[in-house]
Amino acid sequence: MIEPDVSIVIPVFEEEESLPELVENIAGVCTSAELSFEAFLVDDGSSDGSWDVIKEIHEKDPRFGGLRLRRNYGKSAALAMGFKIARGKYVVTLDADLQDDPAEIPSLVELLEEGYDLVSGWKKKRKDPLSKIIPSRFFNFVTRTMTRIPLHDFNCGLKIYRAEVVRHVHLYGELHRYIPVLAKWEGYDRIAEKEVQHHARKFGRTKFGFERYLRGFLDLLSVFFLTRFAARPMHFFGTLGTAAFAGGFSLSLWIAIDKLFYGNPIGDRPLLLLGVLLILVGVQMFTTGLIGEMIVVDRMKRPNVFDVIESCLSDEVHVAETHDIG
Ligand SMILES: Nc1nc2c(ncn2[C@@H]2O[C@H](COP(=O)(O)OP(=O)(O)OP(=O)(O)O)[C@@H](O)[C@H]2O)c(=O)[nH]1
Ligand SMILES: [Mg+2]
């Protein structure tokens with residue numbers, strides 16, 4: 001089977017009304033831009049009629065395929081499923097709710113052809129209430145600062161990747177918000193941004209409430225830790241542990257000298273408690289770091305070491321050529 005220009009992965013959760021218009025738009029845009037495509041509508045345990053609509057769509061136009069997860073596994077799992085079977089040269093992700101505009105796909109493809117690994121949409125003029133825009137600005141600011149990836153809109157559903165990139169990001173939990181961070185960690189750091197049209201929600205309801213910010217923040221901490229320290233936990237815990245232990249030890253020493261040499265009572269001094277607390281916290285951090293290191297070593301030992309190395313190779317392969325000498 002020939003590989004299409006683009007694979008479009010669309011996570012679907014209770015979006016039955018939006019789907020017919022969505023697929024019509026996608027087919028129209030790709031046809032006029034002369035892009036061959038395959039699209040996967042990934043139904044994630046919807047309880048409305050989404051799956052029946054997807055089956056109908058597939059019968060009418062087999063370029064649209066459908067996948068159905070047994071229950072609601074979440075947007076990241078749905079995207080990961082789509083990534084797994086995508087065969088296109090480029091992979092586009094697009095929300096199913098008609099808020100992202102498929103008309104952007106051709107210009108996103110052009111950007112990738114300039115040499116980027118991934119291009120993320122930026123809903124500069126958002127059609128959302130202020131109560132959503134303000135927390136989202138803050139969230140993006142924190143993410144930008146912590147990850148040093150200069151994007152304005154990490155959570156934009158509309159993104160495009162070179163196929164190799166999605167094959168290497170390990171998506172789980174709710175990490176779909178941080179695919180650019182995961183991609184950068186895997187070495188794909190040519191990341192660009194493009195302003196995209198955003199439309200107000202036409203049908204259905206939003207799937208993420210206010211708790212998205214709390215979860216998003218916790219996920220940011222995990223991503224920050226994992227991308228920097230997963231392979232060397234001792235550097236993280238060891239640094240904190242050493243700092244806490246050194247602080248606690250100095251305080252306790254100081255207070256002991258005060259007692260031994262100056263005869264001051266120390267039993268009711270808050271500094272004594274603080275010193276002991278810091279020593280304990282320091283030791284605990286240290287042992288957590290050691291256990292982390294053991295887990296890492298164990299994990300490196302188990303799979304064949306060549307598999308680990310292979311998973312870090314890029315898809316560009318240059319085989320060494322052998323020349324006859326003399
Ligand atoms: N597969 C899957 N898709 C989901 C899930 N939750 C949301 N989606 C899809 O993800 C896309 C974005 O969800 P929305 O609820 O529109 O989120 P949003 O665009 O950030 O929020 P609104 O602007 O309020 O619509 C839509 O295509 C949803 O169908 C889920 O649990 N599983
Ligand atoms: Mg939406």
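**View 1. The surroundings of Asp117 in this predicted model.** Asp117 touches Leu112, Ile160, Tyr161, Arg162, Val165, Tyr188, Asp189 and Arg190, once residues up to four places away in sequence are set aside. We're in a predicted model here, so no experimental map sits behind the view. Asp117 itself belongs to the loop that links H4 and S5. Buried or exposed, then, for Asp117? Its relative accessibility is 1%, so Asp117 counts as buried. Ile191 is also worth picking out: Asp117 and Ile191 are 74 residues apart in sequence, yet their C-alpha atoms are 6.0 Å apart in space.

**View 2. The open sheet, strand by strand.** Pull back a little and you get 7 strands in an open sheet with mixed pairing, ordered S3-S2-S1-S4-S6-S5-S7. Strand S3 (64-69) and strand S7 (191-195) are the edge strands; each has a single partner strand, so one side of each has no neighbour in the sheet. Going from one strand to the next, the twist averages 20°. As a reminder, strands of a sheet pair through backbone hydrogen bonds, in either a parallel or an antiparallel way.

**View 3. The parallel run through S1, S2 and S3.** S1 and S2 are parallel and joined by 7 bridges, with Val12 standing opposite Asp43 in S2. On to the next pair: strand S2 (residues 37-44) and S3 also pair in the parallel sense, over 6 bridges. Here Asp43 turns up again, this time opposite Arg68 in S3. How many of the residues of S2 are buried? The count is 8 of the 8, so S2 is largely enclosed by the rest of the structure. In a regular strand, side chains alternate between the two faces of the sheet. In S2, Phe37, Ala39, Leu41 and Asp43 point one way, while Glu38, Phe40, Val42 and Asp44 point the other way.

**View 4. Ile10 and its contacts.** Ile10 is a residue of strand S1, and with 0% relative accessibility it counts as buried. Which residues is Ile10 in contact with, leaving aside its neighbours within four places in sequence? The list is Leu22, Ile26, Ala39, Phe40, Leu41, Val42, Leu94, Asp95 and Ala96. For a sense of scale, measure out to Ile257 in your viewer: Ile10 and Ile257 are 67 Å apart, C-alpha to C-alpha, and 247 residues apart in sequence.

**View 5. S6 between its two antiparallel partners.** S4 and S6 run antiparallel, joined by 4 bridges, and Val91 stands opposite Tyr161 in S6. S5 and S6 run antiparallel too, with 3 bridges joining them; in S6, Ile160 is the bridge partner of Val119. Lys159 and Tyr161 point one way from S6, Ile160 and Arg162 point the other way, and all are buried.

**View 6. Helices on the sheet.** Helix H3 (residues 75-85) lies across strand S1 (6-12), S2, S3, strand S4 (90-93) and strand S6 (159-162), and it runs at about 155° to S1. Helix H4 (residues 105-113) packs on the sheet as well, touching S1, S4, strand S5 (118-122), S6 and S7, with a direction that makes about 35° with that of S6. Back on H3, the buried residues are Lys75, Ser76, Ala78, Leu79, Gly82 and Phe83. Down the axis of H3 these buried residues fall within an arc of 160°, so they line one face of the helix.

**View 7. The magnesium ion.** Which residues coordinate the magnesium ion (ligand 2)? They are Asp97, through OD, and Gln99, through OE1, at 1.8 to 1.9 Å. Asp97 and Gln99 are both buried.

**View 8. Thr227 and the two domains.** Thr227 sits in helix H8 (residues 211-229). With a relative accessible area of 16%, Thr227 is buried, because buried means under 20%. Beyond its neighbours within four places in sequence, Thr227 is in contact with Val181 and Trp185. Zoom out and the protein divides into domain 1 (6-229) and domain 2 (233-310). The centres of domain 1 and domain 2, taken over C-alpha atoms, are separated by 41 Å.

Note on methods: Residues are numbered from 1 along each chain as its sequence is written. Chains are lettered from A and ligands numbered from 1 in the order in which they are written. This is a predicted model: local features need pLDDT of at least 70, side-chain atom pairs count only at pLDDT 80 or more; totals for chains, interfaces and linings use all residues. Side-chain values use heavy atoms; hydrogens and water are left out. Domain bounds come from an automatic or database domain assignment. Donors are N, O and S atoms within 2.8 Å of the metal (3.2 Å for Na, K and Ca); water is not among the atoms, so sites may look incomplete. Buried means under 20% relative accessible area, exposed over 50%, partly exposed in between (1.4 Å probe, protein chains only). Two strands pair if DSSP finds at least two bridges between them. Axes are lines fitted to C-alpha atoms, for helices over the stretch in contact, and angles run from 0 to 180 degrees between N-to-C directions. Contact means heavy atoms within 4.5 Å. The arc is that of the directions from the helix axis to the C-beta atoms.
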